[in-house]
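Subject: Structure handover

Hello,

Please find below the structure I said I would pass on. My notes on what was found follow it.

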Amino acid sequence: MESRDRLANLGIFAAAIVAWVLVGLVVTTRDPIEDPTAGFVGAALIGLAMGLTSVPLFWLAVFGRHRRIAYRGDWLRAARRGAWVGVVTAVFVALRLQDALQLPIALFIIVMVLVAEATLSVER
């Protein structure tokens, strides 16, 4: 692993730690019942924290699968997958806050993301 990849992983993990601290701050200090926007702010922060946490993990999984060789486009693919994780998490939390999260809706969202990612990940 090159030093730029190591620094990128550590930097993204540091940003994820900051995001998780902000999640903790919002969750412990704001009540979504009294302030309706607090729930959506929390959903966005949880999605951001999950996305930032998963980006280095996706990159490390591909790096290990490629026998410790970093190919061009691996970071972009990991960032895209992390963005999917963040968006899906934020949508699930927001739907849960509105009492609209049901199994068919959740499965539909997950299947749509999997189809989109499979389409975008096809190597040509």
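From the N terminus on, the elements of the chain run α-α-α-α. That makes four helices and zero strands. Please keep in mind that this is a predicted model. The chain averages a pLDDT of 88, and 94% of the residues score at least 70. Among the elements, helix 4 has the highest mean pLDDT, at 93, and helix 2 the lowest, at 90.

On overall dimensions, the C-alpha trace spans about 50 × 30 × 15 Å along its principal axes. The chain has 124 residues, and 27% of them count as buried.

Helix 2

Helix 2 covers residues 36-65. Its 30 residues reach 44 Å from the first C-alpha to the last, close to the 44 Å expected at 1.5 Å a residue. After helix 2 comes R67, which has a positive phi, near 60°.

W59 is one of the residues in helix 2. Is W59 buried or exposed? Its relative accessible area is 1%, under the 20% cut-off, so W59 counts as buried. Along the chain W59 and N9 are 50 residues apart, yet 8.6 Å separates their C-alpha atoms.

Salt bridges

Side chains of opposite charge can pair when their charged atoms come close. How many salt bridges does the model have? The count comes to four, and I describe some of them here.

R30 and D35 form one of the salt bridges, with 2.2 Å between the closest N and O atoms. Both residues count as partly exposed: the relative accessibility is 26% for D35 and 34% for R30.

R81 and E117 form another, with the closest N and O atoms 3.0 Å apart. This pair links distant parts of the chain, since R81 lies in helix 3 (residues 74-97) and E117 in helix 4 (residues 103-120), 36 residues away. The two partners fall into separate classes of accessibility. E117 has a relative accessible area of 10%, which is under 20%, and therefore counts as buried. R81, at 21% relative accessibility, is partly exposed. R81 and E117 also belong to a network of salt bridges that includes R80.

A salt bridge also joins the side chains of R96 and D99, at 2.9 Å from N to O. Here R96 and D99 are both exposed.

The largest pocket

How much space lies in the largest pocket? The volume is about 170 Å³. Helix 3 and helix 4 are the elements that give two or more residues to its lining. The lining consists of F58, R81, W84, V85, V88, I110, V113, L114 and E117. By type, these residues divide into seven nonpolar, no polar and two charged. R81 and E117, both in the lining, are the residues described above as a salt-bridge pair between helix 3 and helix 4.

If you want a place to begin in the viewer, I suggest R81 and E117, which are partners in a salt bridge and also line the largest pocket. W59 in helix 2 could come next, together with N9, whose C-alpha atom is 8.6 Å from that of W59.

Regards

Definitions and conventions. Residues are numbered from 1 along each chain as its sequence is written. This is a predicted model: local features need pLDDT of at least 70, side-chain atom pairs count only at pLDDT 80 or more; totals for chains, interfaces and linings use all residues. Side-chain values use heavy atoms; hydrogens and water are left out. Buried means under 20% relative accessible area, exposed over 50%, partly exposed in between (1.4 Å probe, protein chains only). pLDDT is the predictor's confidence in each residue, from 0 to 100. On a 1 Å grid over the protein atoms alone, a cavity is a set of points where a 1.4 Å probe fits but cannot get out, and a pocket is an open set with protein on both sides within 12 Å along at least five of seven lines; lining residues have an atom within 4 Å of a point. Grid points are joined across faces, edges and corners, and a volume is the space filled by probe spheres set on the points. Ala, Val, Leu, Ile, Met, Phe, Trp, Tyr, Cys and Pro count as nonpolar, Asp, Glu, Lys and Arg as charged, and the others, Gly among them, as polar. The expected span of a helix is 1.5 Å times one less than its number of residues.
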